Amino acid sequence: MKAAPRAWQRMLSGRRLNLLDPSPLDIEISDIAHGLARVARWNGQTRGEHAYSVAQHSLLVLEIFERLHPDASRNDRLAALLHDAPEYVIGDMISPFKSVMGGEYKQVEERLQQTIHLRFGIKPQISKTLKAAIKRADRISAYREAVELAGFAENEAAIIFGRPRGIDTSTLDVSPRPSVLVQDEMIAKFQHIHI
């Protein structure tokens, strides 16, 4: 009888995260920040000396979310910061590829997201209202990244992501930074919110 394929990954913290049956006990913010700081957004197709990482994107989404919702709760802010956290294990699949992959990929991603939420005291299933608010911040970030880093024309980005409303995007810094700096910044931001 053939053995089942390995479904876990060893993290630098020493944890073994099972992708098919993840446990909150195997989730560490240090692993998330480390992984996300080394995963490139836009499949690495961005301008700059450094890759624009998912960790840097996550910090930007949090900044936008906080500007739009200055009275947001601690858990809502954590949910915004960790909105792409499963990508520390599964990578950043661009949206067109996610559409092609469909079902099983989405299930693994959702299971990981729920486990991450449980680990840090967030409801596994966030409300539709919160999800929409985070998605709005995510789309504003994507618009800015697309225009400033990924070579999109403003009209093209507006068609795909929508033109940002209710926020001045010119003050949002999307300059790609070294992964170690972004990793430390993400951990510091998490600790500031989580305490």
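1. Let's start with the aromatic rings: this predicted model holds four aromatic pairs. In one of them, F120 and F190, the ring centres are 4.9 Å apart and the planes meet at 70°. Planes over 60 degrees apart count as edge-to-face, so this pair is edge-to-face.

2. Where do the two partners lie? F120 is in the loop between α6 (103-119) and α7 (128-148), while F190 belongs to helix α9. The pair therefore ties together parts that are 70 residues apart in sequence. Both rings are tucked away: F120 is buried, with a relative accessible area of 4%, and F190 counts as buried at 5%.

3. Now follow F190 into its helix, α9, which covers residues 179-194. With 16 residues at 1.5 Å each, α9 should span 22 Å, and its end C-alpha atoms are indeed 22 Å apart, so the two values agree.

4. Which residues of α9 are buried? They are V182, Q183, M186, I187, F190 and I193. Looking down the axis of α9, you will find these buried residues within an arc of 135°, so they line one face of the helix. Here is a handy way to picture that: an α-helix has 3.6 residues a turn, so residues three or four places apart point the same way. Covering the buried residues of α9 are, among others, α1 (29-37), α2 (54-68) and α3 (74-81).

5. Two other spots deserve a look. W42, F152 and F161 form one aromatic cluster. At W8, R6 lies over the ring face, 4.8 Å from the ring centre, and R16 also lies over the face of W8, at 4.1 Å from the ring centre.

Notes. Residues are numbered from 1 along each chain as its sequence is written. This is a predicted model: local features need pLDDT of at least 70, side-chain atom pairs count only at pLDDT 80 or more; totals for chains, interfaces and linings use all residues. Side-chain values use heavy atoms; hydrogens and water are left out. Helices (H or I, at least four residues) and strands (E, at least two) are DSSP runs, numbered from the N terminus. The expected span of a helix is 1.5 Å times one less than its number of residues. Buried means under 20% relative accessible area, exposed over 50%, partly exposed in between (1.4 Å probe, protein chains only). The arc is that of the directions from the helix axis to the C-beta atoms. Contact means heavy atoms within 4.5 Å. Rings of Phe, Tyr and Trp (its six-membered ring) pair if their centres lie within 6.5 Å; planes under 30 degrees apart count as stacked, over 60 as edge-to-face and the rest as tilted. A charge sits over a ring if NZ of Lys or CZ of Arg is within 6 Å of the ring centre and within 35 degrees of the ring normal.
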